[in-house]
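Student: I'm new to this one and I keep tripping over the labels people use. Could we go through them together and check what each label rests on?

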Amino acid sequence: MDYEIKAVCREKLRLYAKLFRTICGFSADEPIDPVALLDRLPELEGFEDVRYEVVCDDELPGNVPAQCIPTEDGYLIQIKESVYKGASERKVGGHRMHIIHEIMHAFLDKLGYKPIYTRRLTKDVPPYRRLEWAVKAIAGEVMMPYEYTGNLSEKEIMKMYDVSSAAAKKRLTY
Amino acid sequence: MSYTKFGEFMRVLRVKNHEIMGDTAKLLNCMVSFVSSVENGKKNVPESWAPILIDHYHLDESQQKELYEAIEESKTQVKLNLSSASVSQRKLAVQFQRSFEKLDDETANAILNLLKEDAD
(Lines give C-alpha, C1' and ligand atoms only; values in the text may rest on other atoms or scores of the structure.)
Protein backbone atom coordinates (compact mmCIF):
# COMPACT_ATOMS: atom_id res chain seq x y z
CA MET A 1 0.00 0.00 0.00
CA ASP A 2 1.35 3.42 -0.93
CA TYR A 3 0.26 7.01 -0.33
CA GLU A 4 0.99 10.42 -1.75
CA ILE A 5 2.97 12.70 0.55
CA LYS A 6 4.45 16.20 0.27
CA ALA A 7 7.53 16.24 -1.96
CA VAL A 8 10.86 15.21 -0.46
CA CYS A 9 14.25 14.81 -2.17
CA ARG A 10 16.98 12.29 -1.38
CA GLU A 11 19.33 15.02 -0.08
CA LYS A 12 16.75 15.98 2.52
CA LEU A 13 16.21 12.34 3.48
CA ARG A 14 19.98 12.04 3.85
CA LEU A 15 19.87 14.86 6.41
CA TYR A 16 16.96 13.24 8.23
CA ALA A 17 18.97 10.00 8.34
CA LYS A 18 21.80 11.87 10.08
CA LEU A 19 19.28 13.36 12.49
CA PHE A 20 17.97 9.88 13.26
CA ARG A 21 21.48 8.60 13.99
CA THR A 22 22.02 11.56 16.32
CA ILE A 23 18.75 10.90 18.17
CA CYS A 24 19.80 7.26 18.64
CA GLY A 25 23.30 8.21 19.78
CA PHE A 26 25.00 6.41 16.90
CA SER A 27 28.12 7.81 15.29
CA ALA A 28 27.89 8.92 11.67
CA ASP A 29 29.33 5.70 10.26
CA GLU A 30 28.78 2.83 12.69
CA PRO A 31 26.55 -0.06 11.62
CA ILE A 32 23.07 -0.13 13.16
CA ASP A 33 21.33 -3.19 14.53
CA PRO A 34 17.61 -2.52 13.97
CA VAL A 35 16.61 -5.45 16.21
CA ALA A 36 18.46 -4.05 19.23
CA LEU A 37 17.02 -0.63 18.43
CA LEU A 38 13.44 -1.86 18.86
CA ASP A 39 13.74 -2.14 22.65
CA ARG A 40 15.46 1.25 22.89
CA LEU A 41 12.80 3.18 20.98
CA PRO A 42 10.69 4.33 23.97
CA GLU A 43 13.82 5.93 25.49
CA LEU A 44 14.66 7.98 22.38
CA GLU A 45 13.48 11.55 22.10
CA GLY A 46 10.35 11.66 19.99
CA PHE A 47 9.90 7.89 19.92
CA GLU A 48 8.32 7.44 23.37
CA ASP A 49 5.07 6.34 21.74
CA VAL A 50 6.53 3.73 19.37
CA ARG A 51 6.04 0.11 20.43
CA TYR A 52 6.64 -3.19 18.69
CA GLU A 53 5.38 -6.71 18.78
CA VAL A 54 6.51 -9.92 17.15
CA VAL A 55 3.59 -11.88 15.76
CA CYS A 56 3.11 -15.38 14.34
CA ASP A 57 3.71 -15.43 10.59
CA ASP A 58 0.06 -16.14 9.81
CA GLU A 59 -1.11 -13.01 11.64
CA LEU A 60 0.07 -10.77 8.78
CA PRO A 61 -0.71 -11.25 5.07
CA GLY A 62 1.82 -13.33 3.12
CA ASN A 63 3.40 -10.38 1.31
CA VAL A 64 3.70 -8.23 4.45
CA PRO A 65 6.92 -8.95 6.41
CA ALA A 66 6.22 -6.20 8.94
CA GLN A 67 4.04 -3.13 9.27
CA CYS A 68 3.80 0.10 11.23
CA ILE A 69 0.28 1.05 12.19
CA PRO A 70 -0.94 4.18 13.98
CA THR A 71 -2.72 3.51 17.27
CA GLU A 72 -4.74 5.87 19.43
CA ASP A 73 -1.66 6.72 21.48
CA GLY A 74 1.23 6.30 19.03
CA TYR A 75 2.57 3.69 16.64
CA LEU A 76 2.74 -0.09 16.72
CA ILE A 77 5.34 -1.95 14.67
CA GLN A 78 4.30 -5.54 14.01
CA ILE A 79 6.97 -7.95 12.79
CA LYS A 80 6.55 -11.52 11.61
CA GLU A 81 8.40 -14.08 13.74
CA SER A 82 10.39 -15.37 10.72
CA VAL A 83 11.46 -11.83 9.81
CA TYR A 84 12.49 -11.02 13.39
CA LYS A 85 14.50 -14.26 13.60
CA GLY A 86 16.12 -13.70 10.21
CA ALA A 87 17.11 -10.21 11.30
CA SER A 88 18.30 -11.10 14.80
CA GLU A 89 20.34 -14.09 13.69
CA ARG A 90 21.88 -11.88 10.99
CA LYS A 91 21.12 -14.47 8.35
CA VAL A 92 19.03 -12.25 6.12
CA GLY A 93 20.09 -8.65 5.49
CA GLY A 94 16.75 -7.94 3.88
CA HIS A 95 14.93 -8.75 7.11
CA ARG A 96 16.98 -6.19 9.01
CA MET A 97 16.02 -3.65 6.35
CA HIS A 98 12.32 -4.54 6.82
CA ILE A 99 12.60 -3.60 10.50
CA ILE A 100 14.40 -0.28 9.97
CA HIS A 101 11.86 0.40 7.19
CA GLU A 102 8.98 0.23 9.67
CA ILE A 103 10.84 2.39 12.20
CA MET A 104 11.31 4.94 9.41
CA HIS A 105 7.56 4.93 8.75
CA ALA A 106 7.04 6.24 12.28
CA PHE A 107 9.96 8.70 11.92
CA LEU A 108 8.77 10.23 8.63
CA ASP A 109 5.22 10.45 9.92
CA LYS A 110 6.53 12.40 12.91
CA LEU A 111 8.46 14.67 10.55
CA GLY A 112 5.19 15.55 8.84
CA TYR A 113 5.30 13.22 5.84
CA LYS A 114 1.76 12.05 6.28
CA PRO A 115 -0.52 10.74 3.55
CA ILE A 116 -2.16 13.65 1.74
CA TYR A 117 -5.16 11.51 0.95
CA THR A 118 -6.69 9.01 3.27
CA ARG A 119 -7.54 6.72 0.36
CA ARG A 120 -5.02 4.46 -1.34
CA LEU A 121 -2.75 5.88 -3.97
CA THR A 122 -4.11 4.89 -7.37
CA LYS A 123 -2.89 7.50 -9.80
CA ASP A 124 0.61 7.78 -11.16
CA VAL A 125 2.63 9.91 -8.75
CA PRO A 126 6.40 10.63 -9.03
CA PRO A 127 8.65 8.79 -6.52
CA TYR A 128 9.53 11.92 -4.53
CA ARG A 129 5.86 12.25 -3.60
CA ARG A 130 5.40 8.60 -2.69
CA LEU A 131 5.52 7.50 0.94
CA GLU A 132 6.98 4.07 0.20
CA TRP A 133 9.77 5.52 -1.93
CA ALA A 134 10.68 8.00 0.80
CA VAL A 135 10.66 5.33 3.51
CA LYS A 136 12.78 2.95 1.43
CA ALA A 137 15.23 5.73 0.61
CA ILE A 138 15.68 6.94 4.19
CA ALA A 139 15.96 3.35 5.47
CA GLY A 140 18.89 2.84 3.08
CA GLU A 141 20.45 6.16 4.09
CA VAL A 142 20.20 5.26 7.79
CA MET A 143 21.65 1.77 7.38
CA MET A 144 24.40 2.70 4.88
CA PRO A 145 25.56 6.32 5.36
CA TYR A 146 26.24 8.01 2.04
CA GLU A 147 29.52 9.67 3.06
CA TYR A 148 31.05 6.42 4.30
CA THR A 149 30.09 4.05 1.51
CA GLY A 150 31.39 5.93 -1.54
CA ASN A 151 34.70 4.06 -1.62
CA LEU A 152 33.31 0.66 -0.68
CA SER A 153 32.43 -2.22 -2.98
CA GLU A 154 29.09 -4.02 -2.86
CA LYS A 155 30.61 -6.84 -0.80
CA GLU A 156 32.30 -4.41 1.59
CA ILE A 157 29.02 -2.57 2.15
CA MET A 158 27.26 -5.89 2.79
CA LYS A 159 29.90 -6.94 5.31
CA MET A 160 30.23 -3.58 7.05
CA TYR A 161 26.53 -2.76 7.37
CA ASP A 162 24.96 -6.23 7.40
CA VAL A 163 22.65 -5.52 4.48
CA SER A 164 21.52 -7.57 1.50
CA SER A 165 23.25 -7.58 -1.87
CA ALA A 166 20.26 -5.77 -3.37
CA ALA A 167 20.49 -2.97 -0.78
CA ALA A 168 24.26 -2.60 -1.26
CA LYS A 169 23.83 -2.44 -5.04
CA LYS A 170 21.18 0.23 -4.66
CA ARG A 171 23.47 2.24 -2.36
CA LEU A 172 26.12 2.33 -5.07
CA THR A 173 23.73 3.83 -7.59
CA TYR A 174 22.96 6.98 -5.53
CA MET B 1 -1.20 0.60 23.12
CA SER B 2 1.59 0.36 25.65
CA TYR B 3 3.67 -2.42 27.12
CA THR B 4 2.46 -4.03 30.32
CA LYS B 5 4.41 -3.39 33.49
CA PHE B 6 6.07 -6.79 32.97
CA GLY B 7 6.85 -5.90 29.34
CA GLU B 8 8.41 -2.62 30.42
CA PHE B 9 10.41 -4.39 33.15
CA MET B 10 11.76 -6.86 30.59
CA ARG B 11 12.50 -4.17 28.01
CA VAL B 12 14.62 -2.21 30.48
CA LEU B 13 16.42 -5.38 31.63
CA ARG B 14 17.27 -6.30 28.05
CA VAL B 15 18.60 -2.85 27.17
CA LYS B 16 20.77 -2.85 30.32
CA ASN B 17 22.13 -6.30 29.48
CA HIS B 18 22.54 -5.69 25.73
CA GLU B 19 20.05 -8.39 24.91
CA ILE B 20 17.11 -8.62 22.52
CA MET B 21 13.71 -10.28 22.73
CA GLY B 22 15.10 -13.25 20.79
CA ASP B 23 17.51 -13.87 23.69
CA THR B 24 14.59 -13.81 26.13
CA ALA B 25 12.75 -16.38 23.99
CA LYS B 26 15.81 -18.65 23.95
CA LEU B 27 16.23 -18.30 27.71
CA LEU B 28 12.57 -19.16 28.32
CA ASN B 29 12.54 -21.84 25.63
CA CYS B 30 9.60 -20.47 23.67
CA MET B 31 8.71 -18.59 20.47
CA VAL B 32 9.57 -14.88 20.22
CA SER B 33 5.93 -14.18 19.33
CA PHE B 34 4.84 -15.81 22.60
CA VAL B 35 7.20 -13.62 24.65
CA SER B 36 5.93 -10.61 22.73
CA SER B 37 2.27 -11.43 23.34
CA VAL B 38 2.99 -11.82 27.07
CA GLU B 39 4.86 -8.49 27.20
CA ASN B 40 2.03 -6.79 25.33
CA GLY B 41 -0.60 -8.10 27.74
CA LYS B 42 -2.29 -10.58 25.43
CA LYS B 43 -1.28 -13.55 27.56
CA ASN B 44 -0.50 -14.14 31.25
CA VAL B 45 3.12 -14.43 32.40
CA PRO B 46 3.76 -18.18 32.87
CA GLU B 47 4.58 -19.07 36.48
CA SER B 48 7.82 -20.81 35.51
CA TRP B 49 9.37 -17.61 34.12
CA ALA B 50 10.11 -15.63 37.28
CA PRO B 51 12.72 -18.02 38.79
CA ILE B 52 14.50 -18.30 35.43
CA LEU B 53 14.63 -14.51 35.03
CA ILE B 54 15.81 -13.99 38.63
CA ASP B 55 18.61 -16.48 38.12
CA HIS B 56 19.66 -15.24 34.67
CA TYR B 57 19.75 -11.52 35.55
CA HIS B 58 20.93 -12.05 39.16
CA LEU B 59 18.06 -9.91 40.43
CA ASP B 60 18.47 -8.63 43.99
CA GLU B 61 15.67 -8.63 46.55
CA SER B 62 14.12 -5.31 45.54
CA GLN B 63 14.31 -6.20 41.85
CA GLN B 64 12.63 -9.54 42.57
CA LYS B 65 9.85 -7.69 44.38
CA GLU B 66 9.50 -5.37 41.41
CA LEU B 67 9.34 -8.35 39.04
CA TYR B 68 6.60 -10.10 40.99
CA GLU B 69 4.61 -6.86 41.25
CA ALA B 70 4.98 -6.35 37.50
CA ILE B 71 3.77 -9.92 36.85
CA GLU B 72 0.81 -9.38 39.17
CA GLU B 73 -0.18 -6.09 37.52
CA SER B 74 0.18 -7.55 34.03
CA LYS B 75 -2.24 -10.41 34.54
CA THR B 76 -4.83 -10.76 31.80
CA GLN B 77 -6.87 -13.38 33.65
CA VAL B 78 -7.46 -14.13 37.32
CA LYS B 79 -8.72 -17.51 38.52
CA LEU B 80 -10.62 -17.84 41.77
CA ASN B 81 -10.86 -21.12 43.62
CA LEU B 82 -14.41 -21.27 44.96
CA SER B 83 -14.32 -24.87 46.15
CA SER B 84 -14.30 -23.91 49.83
CA ALA B 85 -16.07 -20.54 49.51
CA SER B 86 -19.22 -19.72 51.44
CA VAL B 87 -22.49 -18.96 49.62
CA SER B 88 -22.00 -15.23 50.16
CA GLN B 89 -18.43 -15.36 48.86
CA ARG B 90 -19.58 -17.27 45.76
CA LYS B 91 -22.32 -14.72 45.14
CA LEU B 92 -19.81 -11.89 45.49
CA ALA B 93 -17.36 -13.54 43.07
CA VAL B 94 -20.03 -14.15 40.42
CA GLN B 95 -21.52 -10.67 40.79
CA PHE B 96 -18.04 -9.14 40.55
CA GLN B 97 -17.36 -11.09 37.36
CA ARG B 98 -20.68 -9.87 35.86
CA SER B 99 -20.12 -6.23 36.80
CA PHE B 100 -16.38 -6.06 36.12
CA GLU B 101 -16.47 -4.70 32.56
CA LYS B 102 -18.85 -1.89 33.51
CA LEU B 103 -16.81 -0.73 36.52
CA ASP B 104 -15.42 2.79 36.16
CA ASP B 105 -12.07 3.73 37.73
CA GLU B 106 -13.64 5.67 40.60
CA THR B 107 -15.81 2.75 41.70
CA ALA B 108 -12.92 0.29 41.22
CA ASN B 109 -10.69 2.42 43.46
CA ALA B 110 -13.41 2.75 46.10
CA ILE B 111 -13.83 -1.05 46.22
CA LEU B 112 -10.07 -1.51 46.25
CA ASN B 113 -9.69 0.86 49.22
CA LEU B 114 -12.49 -0.88 51.06
CA LEU B 115 -10.88 -4.31 50.57
CA LYS B 116 -7.45 -2.97 51.54
CA GLU B 117 -8.87 -1.49 54.77
CA ASP B 118 -10.37 -4.88 55.51
CA ALA B 119 -7.04 -6.62 54.86
CA ASP B 120 -5.18 -4.18 57.13
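Student: Let's start with A:Ile138. Which residues is A:Ile138 in contact with, leaving aside its neighbours within four places in sequence?

Tutor: A:Leu13, A:Tyr16, A:Ala17, A:Met104 and A:Leu108. Keep in mind that this is a predicted model.

Student: And what makes those pairs "in contact"?

Tutor: Two residues are in contact if their C-beta atoms lie within 7 Å, so each of those five partners passes that test with A:Ile138.

Student: Where does A:Ile138 belong in the bigger picture?

Tutor: The largest nonpolar core has 61 residues, and A:Ile138 is among those with the most contacts inside it. Others on that list include A:Ile77, A:Met104 and A:Val163.

Student: What makes strand E3 of chain A "mostly covered"?

Tutor: Count its residues: five of the seven in strand E3 (74–80) are buried.

Student: How do you know which way the strands beside E3(A) run, parallel or antiparallel?

Tutor: There's one of each. Strand E1 (residues 50–55) of chain A runs parallel to E3(A), with six bridges joining them; A:Arg51 stands opposite A:Leu76 there. Strand E2 (residues 66–71) of chain A runs antiparallel to E3(A), again through six bridges, and A:Pro70 stands opposite A:Tyr75. Two strands pair if there are at least two bridges between them, so E1(A) and E2(A) both count as paired with E3(A).

Student: What joins E2(A) to E3(A)?

Tutor: A hairpin, through two residues.

Student: Zooming out, what is chain A built from?

Tutor: Seven helices and three strands, in the order α-α-β-β-β-α-α-α-α-α along the sequence.

Student: Why is chain A called as compact as a globular protein of its length?

Tutor: Set two values side by side: its radius of gyration is 15 Å, and the globule rule gives 16 Å for 174 residues. Those are close, so the label fits. Its C-alpha atoms fill a box of roughly 40 × 35 × 30 Å along the principal axes, and 40% of its residues count as buried.

Student: What does chain B look like by the same tests, starting with its helices and strands?

Tutor: Chain B has seven helices and zero strands. Its radius of gyration is 17 Å, well over the 14 Å that the rule gives for 120 residues, so chain B is more spread out than a compact globule. The C-alpha trace spans about 50 × 30 × 30 Å, and buried residues make up 19% of the chain.

Student: How is chain B split into domains?

Tutor: The domain assignment gives domain 1 (5–73) and domain 2 (87–119). Their C-alpha centres lie 29 Å apart.

Student: Why is B:Phe6 called buried?

Tutor: The cut-off is 20 or more other C-beta atoms within 10 Å. B:Phe6 has 26, so it counts as buried. This residue sits in helix H1 of chain B, and its contacts beyond four places in sequence are B:Glu39, B:Val45, B:Ala70, B:Ile71 and B:Ser74. The C-alpha atoms of B:Phe6 and B:Glu69 are separated by 8.4 Å, with their positions 63 residues apart along the chain.

Student: What makes B:His58 and A:Asp162 stand out in their backbone angles?

Tutor: Both have a positive phi without being glycine: about 50° for B:His58 and near 55° for A:Asp162. B:His58 is in the loop between helix H4 (49–57) and helix H5 (61–73) of chain B. A:Asp162 lies in the loop between helix H6 (154–161) and helix H7 (165–173) of chain A.

Student: Which of those two is buried and which is exposed, and why?

Tutor: A:Asp162 has 20 C-beta neighbours inside 10 Å, and the cut-off is 20 or more, so A:Asp162 counts as buried. B:His58 has 7, and 12 or fewer means exposed, so B:His58 is exposed.

Student: Last one: how many residues do the two chains bring together?

Tutor: 14 residues of chain B are in contact with 16 residues of chain A. On the chain B side, helices H1 (5–16), H2 (21–28) and H3 (32–39) each supply at least two residues. By class, that side has seven nonpolar, five polar and two charged residues.

Notes:
Residues are numbered from 1 along each chain as its sequence is written. Chains are lettered from A and ligands numbered from 1 in the order in which they are written. This is a predicted model: local features need pLDDT of at least 70, side-chain atom pairs count only at pLDDT 80 or more; totals for chains, interfaces and linings use all residues. Domain bounds come from an automatic or database domain assignment. Helices (H or I, at least four residues) and strands (E, at least two) are DSSP runs, numbered from the N terminus. The radius of gyration is taken over C-alpha atoms; the globule rule is 2.2 Å times the number of residues to the power 0.38. Ala, Val, Leu, Ile, Met, Phe, Trp, Tyr, Cys and Pro count as nonpolar, Asp, Glu, Lys and Arg as charged, and the others, Gly among them, as polar. A nonpolar core is a set of buried Ala, Val, Leu, Ile, Met, Phe, Trp, Tyr and Cys residues joined through C-beta atoms within 7 Å.
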